[in-house]
Amino acid sequence: MTEGTNDNAIATALAEQPGGQASGSAIAPWMARAPLAAVIVVLGVALSVFAWLGLRSIENSEARVSYGATLLAQTSRINVEIVQLRSNLAALAGTMSAAGIENDDSSAMISAFDSPAAVQILSSGAVEELMFFETIDSATDEINIREREERAGNQAFVDGYGRLGTEGERPSLVLSKLKPEGVHRDVIGRDLSTIEGLSAIVNELEIGTNLGVRPSDESNAIFDAIYAISSSADRSTRPATAFYASVGEGNDFQGVLATRLFLDRLLAATTGEGGPIALQLSRDGQPLVATLPEGELGEPFGKPTTFSDQDSTWSIQGYGAGIVVDHRSSWAALVTGLVLAAVGGLFSTSARHHAITLGRLERSEYDARHDLLTGLYNRAGITQELNHMLEHRATNELV
């Protein structure tokens, strides 16, 4: 047997050597010929991928179920908050309208604007401000409103309103009340009649407690125009929906209450975190505001949740962009399986080479003690066998 003989030939020869198989020749011929390491690696990789796909499918299903449950909880909470917001806004408008105050009675008006309904509107965490825009139809209105605010100590209104002008210069729409007072205070008392969206809101509402809403693009445009007058750079750029109600039926003052609902703030206020939830709020089929830009919402997730009030039908639609799947378990299983497959392949390769090496040693020892042609012991073999028999003979036993 020469050094150039390959492992497969050695293993095959070991299996067929005279006198039966030695311990190292227990390797079956097919094992010597088959790439056992490759078989182990392929099986290990296949099982790892199968486990990875299975766990990934389970993770996706669990994520969708969890997301659906979150959407249900969120939409139910949003339903309650919107109904509550509209109820509080209508209550505040009704309180201010029913008070029957005249323009020179500043304390009653301030008291109405500080009512529990106003506090509840701002306490939800989903709105940023509460405003009262007042319309001015005559010089008498102009004088009375200014005197009222002077007596109330509303210096921001006095400073913003400025001197009385001619009939053509008289402001027809001013912001007289703002909460919180520290936000964009210098807008109070300024002429806002040039803001088309705001004027449209005032003109479309009949005096009373009628309620209205505006979608996020119009709402942002209106409030951006209002705050552009302010010297403060602190403006919210997140999408929001404007809610408003008319005030002043039968009174000497009239105007519009307005606030904005931020859907992402509503989620944060109701669940403790905004999260990746993708929701869109609509009214009578018209989208109002969404937690993500329209192009990032993805496909609709399930059916929308709908609810109705006195004059509108609302719907909240969830979208798939908010689904977050944790694939750590499936990736861990895949990596673990691949590592085990690689270790198994290396172990089988090492064991095979070790068996072949043992076989080589046994064959070499056999050839050293036997005649290659007849398979009988040669001189070295006879000498070794005799020594063995002599060492292990019983006392006085002949050899």
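Here a student and a tutor talk through how some words are used for this predicted model.

Tutor: Residues are numbered from 1 along the chain as its sequence is written. Since the model is predicted, local features need pLDDT of at least 70 and side-chain atom pairs count only at pLDDT 80 or more, while totals for chains, interfaces and linings use all residues.

Student: What makes a stretch a helix or a strand, and how many of them are there in the chain?

Tutor: Both are DSSP runs, numbered from the N terminus: H or I over at least four residues for a helix, E over at least two for a strand. The chain has 12 helices and 9 strands.

Student: Why is strand S9 called mostly covered?

Tutor: A residue is buried if its relative accessible area is under 20%, exposed if over 50%, and partly exposed in between, using a 1.4 Å probe and protein chains only. In S9 (residues 313-319), 6 of the 7 residues are buried, so "mostly covered" fits. For the chain of 399 residues, 39% count as buried.

Student: How do you know that S8 and S9 pair?

Tutor: Two strands pair if DSSP finds at least two bridges between them. Strand S8 (residues 305-308) and S9 have 4 bridges, so they pair, and the sense is antiparallel. Phe 307 stands opposite Trp 314 in S9. The two strands form a hairpin, with 4 residues between them.

Student: And what makes S6 a partner of S9?

Tutor: Strand S6 (residues 278-283) is joined to S9 by 6 bridges, so the rule of at least two is met. These strands run antiparallel, and Ala 278 stands opposite Tyr 319 in S9.

Student: Which strands form the open sheet, and why are some of them called edge strands?

Tutor: Its 5 strands follow the order S2-S1-S5-S4-S3, with antiparallel pairing. Strand S2 (173-179) and strand S3 (211-214) are the edge strands, as each pairs on one side only. Neighbouring strands of this sheet are turned by 25° against each other on average, direction ignored; axes here are lines fitted to C-alpha atoms, for helices over the stretch in contact, and angles run from 0 to 180 degrees between N-to-C directions.

Student: How do you know that S3 pairs with S4?

Tutor: S3 and strand S4 (residues 241-247) share 4 bridges, so they pass the test, in the antiparallel sense. Val 213 has Phe 243 in S4 as its bridge partner.

Student: What does helix H9 touch?

Tutor: Contact means heavy atoms within 4.5 Å. Helix H9 (residues 216-227) packs on the sheet, touching strand S1 (127-135), S3, S4 and strand S5 (255-261). The direction of H9 makes about 70° with that of S1.

Conventions:
Heavy atoms only, no water.
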